[in-house]
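Student: I've got a model open and I'd like to go through it with you. Can we start with how its parts sit against each other?

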Amino acid sequence: MIQAIIAYITSTQIWNSVFRHGVPRDRRTRVMAIMSNVFLHLHPVAIRKSGIRLSFTWCMGGLTFFLFLAEAISGVLLMFYYRPVPEYAYSDIVGLRAHVTLGLLREIHRWGAHAMIISIWLHMMRVFLSGSYKPPREFNWGVGVILLVLTMLLSFTGYLLPWDQLAIWAITVGSNMGKATPFLGMQGPLSDLPQLPGGVALVTVRSDAAYLLLAGTSVGENALMRFYVLHCIALPVVTAILIAIHFWRIRKDGGISGPM
Amino acid sequence: MIDSLIMLASGAPGKPLFSSPAIDSFKDVVNFWSQPQYSLPLFTILFVLMLVFYRKWSRPIPAGLILVGFSAIYFGSMAIDSNYSLILTKADNVPITIMLFGVGICLWTAFREAATNDKAIEEGKPIPYSDRDDKVLVWPDLVYIELICLVLASAALLFWSVGLPAPLEAPANPAGPPNPSKAPWYFLGLQEMLVYFDPWMAGVILPGMIVSGLIAMPYIDTNPKGNGYYTFKERPFAITTWLFGFIILWVVLIVFGTFLRGPNWNFFGPYEYWDALIQVPLTNINLSDYFWLYLFKSELPTNPFVREGIGIVLSGAWVLAFLTVPWWPLMVDNIPGIGKVSGFARKLFGQMGTIRFLILAFHLAIMAMMPLKMVLRWLFTLKYFIYLPEFNMNL
């Protein structure tokens, strides 16, 4: 009975328009399963045995990508409930737990972010210790380093959004570093060197690197809006593009590394 | 100050599960030895032992014993000290515990494979899995692993989210900084460096050079061996340098910054109460003060470059020393595993060429400046090599 229903469903035009091959049971259909699926065809159809062992990869690169997706989904859902202005930001966060059914979104988003930081460090450690950054993968290692920086920036910009004491003072500590940038930060070395003719200072407290980041001299409402836009749009888009390059280059550089 | 009074009034932290005079003296010993000037050298010694004896400890039984012993002390300490459990169970500190165990377990599997591979290399046998044609189909062998990992990771994330509420403190108050004010935990290695360096170094130059060094690494590392498999024997220099940076100068400093730095960024042992009223005298002295006031018993010269000349010359010499190792006339003999330093550097220089070598040497010079300044601070209470407040440039 059930088999008859399955046989009928898999014989319909709709089914066959979606799945171009039978159940992946033999070599041909298994290859087809990978090749005819836009997501799965990130993979090669066959892979070296050395590369699929958990003791080799720790699955950390994949976990980082999984966490990126989890962050993107939970982040979009959080945007429904959150307004990035000081009047509402904190109460919206409180409301997330108090009023939203299954109010776990922020927990998932926050712990996912911390987990992603950890998994990307461990992924980097794996790639380093297994020598997988060596030729021909030098460029992809560089892309990975930039992705590491972006991940930490994503987490850093998100840290401000709850608008509680933890948030603004952590960001204050972090963005104070901007004030110390050589040449470009008000309190940094040699910041009085960039001058217009006539001795007009270019780097002032309202035009230095920290001001660019915060849109103000301290962490205020402009900084909240700026971090929100960076966190929800600018950084994720750049990260997604670099992830695409990272994955594509894995394939182009010969797939997962392994002993020669 | 008000915060600490409230804490005192509320009686927090509470009483530990176990207490006895023996436990108290154990706590005192740990608190004393965990001061940076003792514990960082201690961690460095452990780090070196880890690399030297990687074949021994990476076997399952010693590794398991280390894991159990470390866990027992790490988690068991919660039962004997409430200050410790307060810090350890702070919501945003939970990821640090996960990170520590993650790093430990991953290091273990890496060195275990390295031991196996190195043994095969020594015996002239092929490394396991080195047959390039030994392939499996991605469906089912990889996609199922990915599916299982996805399910387990989702479950773990949900479990974590249900069990631990995300931290939310009082609403932002721009007029009331908490004491201590801390950056997110993953930046705390850099914030800890603020103890030793000014913000332009700790917050801008050092992280910038971490990124530039990491990106440059595959182009600097011309060693063709160890490509695609774990090994220690074939690339001891690269692994030692990199892991020293990651484990000691990043992970350990994060633990310091999060667990052991309390109000006013004062150091507190793991079993100490974070008392905001403790005052630590500022006794650090600039190199130029040592030079002019103490050595020459004269006044400080008015020209800042003359005043700081000694610091500028010594700092420049430090960097120059790294850049010129291959031409050192002095031979440092027989460092185990390396041999003569200048001989080793000459070999590297020959392999790498001028530009690669100079980039490597410059990054190493700045990286080594971190432990150098720490040690000088601990030994001589040195504040700055170069003190040029005229240009906001203190090193």
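Tutor: Sure. Domain bounds here come from an automatic or database domain assignment. Keep in mind that this is a predicted model.

Student: How far apart do the C-alpha centres of domain 1 and domain 2 of chain B lie?
Tutor: Start with the bounds: domain 1 of chain B takes in 2-126, 182-192 and 240-265, while domain 2 of chain B covers 287-394. Nine residues from domain 1 and six residues from domain 2 make the contact. Centre to centre, the C-alpha separation of these two domains of chain B is 30 Å.

Student: What share of the area buried between domain 1 and domain 2 of chain B is on carbon and sulfur atoms?
Tutor: Look at the polar side beforehand: the count of salt bridges between the two domains of chain B is zero. Residue pairs in polar contact, both at pLDDT 80 or more, also come to zero. The two domains bury about 600 Å² between them, and the part on carbon and sulfur atoms is 94%.

Student: Which helix gives the largest share of the domain 1 side that touches domain 2 in chain B?
Tutor: Helix 3 (36-52) and helix 12 (236-259) of chain B each supply at least two residues of that side. B:Gln37, B:Thr241 and B:Leu249 lose the most area there, together 58% of what the domain 1 side buries. With five residues, the largest share comes from helix 12 of chain B.

Student: Over in chain A, how many residues of helix 7 are buried?
Tutor: Helix 7 of chain A runs over residues 105-129 and reaches 35 Å, close to the 36 Å expected. Just after this helix, A:Gly131 takes a positive phi of about 65°. Helix 7 is largely enclosed by the rest of the structure, because its buried residues number 25 of the 25.

Definitions and conventions. Residues are numbered from 1 along each chain as its sequence is written. Chains are lettered from A and ligands numbered from 1 in the order in which they are written. This is a predicted model: local features need pLDDT of at least 70, side-chain atom pairs count only at pLDDT 80 or more; totals for chains, interfaces and linings use all residues. Side-chain values use heavy atoms; hydrogens and water are left out. Helices (H or I, at least four residues) and strands (E, at least two) are DSSP runs, numbered from the N terminus. The expected span of a helix is 1.5 Å times one less than its number of residues. Buried means under 20% relative accessible area, exposed over 50%, partly exposed in between (1.4 Å probe, protein chains only). Contact means heavy atoms within 4.5 Å. Buried area is the accessible area (1.4 Å probe) that two parts lose on being put together, summed over both. A salt bridge is a side-chain nitrogen of Lys or Arg within 4 Å of a carboxyl oxygen of Asp or Glu. A polar contact is a pair of N or O atoms within 3.5 Å; within protein, one must be able to donate a hydrogen and the other to accept it, and residues adjacent in sequence count only if both atoms are side-chain atoms.
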